[in-house]
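I opened a new notebook page for this structure. I wanted to look up its strands first, and then the helices beside them.

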Amino acid sequence: MDEPPPPSPDSLLARRLARLFGPEVDPHISLAPEPPRVPTAEVVAGLLQGGGAASRYEVRGEIDRGGMGAVLEVWDRELRRPLAMKVSLSGPDAGADAGRRVARFLEEAQITAQLDHPGVVPVHELGVDDQGRVFFTMRRVQGRDLREVFHQVHFGLGDWTRRRALDVLLRVCEAVAFAHSRGVIHRDLKPANVMVGAFGEVYVMDWGLARVVGRAEQAGTAVGEGEALRTVLHEERERSPDSPLVTGAGDVLGTPAYMAPEQALGELGELSPRTDVY
């Protein structure tokens, strides 16, 4: 009788993620017409077989931090370039809500990586660090956000004009229209989430609240109720008044000043590309 083949590294990693964060942690996001059955965990299997994130990336500082993750500036030793690394703050020892938080984090990484457009920052790598925290790396964008651009236009500072600012808005519309064509709505469009590079690059940032139209909200991707939820809200509000909010039921809403009516009312079934256009 033939012996069954040994489990592949891919399946070992899938089991590792399931053991650390629960079987439903991977949202399996795919924007392809026929979604593959391969879980995202298998994509990072090769990463874990190598030297790991600690040996490849040198952390040079923290760029930003929210309730769910931190964005670090890192140096890629192999390709000798600066990158941004977003790291989930929830490791395997983060309590009962760790799986839900990591699932939301994975959903952001999968959606962002599949929106292959000049107006969306490319994702380079997805992996798990030595502490069991999920991370992904992306281009390090340097420049100013759209809030600063509007400020300079309003007060006549620098060489920013209304026409240049409108050109930026047009580029934003193109990126968002591409996302809509792939069935994705951003849900948190605001000036703080648009970056303008030094050479005219325009990026729509932070797809952490993005949702695939027609895809039901999963319990595993919502922040749980109770003390953990209050902690997340407190951290976000302390960090910035423009931070997104979460309802008591765990459904991500967005930033109050920029939400469409159906989003503010929590009518998830009514969300559509029009929500972003608003």
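I first fixed my terms: I call two strands paired if DSSP finds at least two bridges between them. I also kept in mind that the model is predicted.

Entry one, a hairpin. I looked up β4, residues 123-128, and β5, residues 134-139. They pair in the antiparallel sense over five bridges. I picked out L126 in β4 and asked which residue in β5 is its bridge partner. I found F136. Then I turned to the link: five residues lie between the two strands of this hairpin. There I noted G132, which takes a positive phi near 80°.

Entry two, a sheet. I traced an open sheet of three strands and wrote down the order β6-β8-β9. The pairing is antiparallel. Which strands form the edges? I marked β6 (143-145) and β9 (202-204), since each pairs on one side only. I also noted the turn between neighbouring strands of this sheet: 25° on average, direction ignored.

Entry three, one pair in that sheet. I went to β8, residues 194-197, and found antiparallel pairing with β9 over three bridges. I checked V194 and saw V204 of β9 standing opposite.

Entry four, helices on the sheet. I looked up α6, residues 146-155, which packs on the sheet and touches β6 and β8. The direction of α6 makes about 85° with that of β6. Next I took α7, residues 162-181. This helix also packs on the sheet, touching β8 and β9. I put down about 45° between the directions of α7 and β9.

Methods. Residues are numbered from 1 along each chain as its sequence is written. This is a predicted model: local features need pLDDT of at least 70, side-chain atom pairs count only at pLDDT 80 or more; totals for chains, interfaces and linings use all residues. Side-chain values use heavy atoms; hydrogens and water are left out. Axes are lines fitted to C-alpha atoms, for helices over the stretch in contact, and angles run from 0 to 180 degrees between N-to-C directions. Contact means heavy atoms within 4.5 Å.
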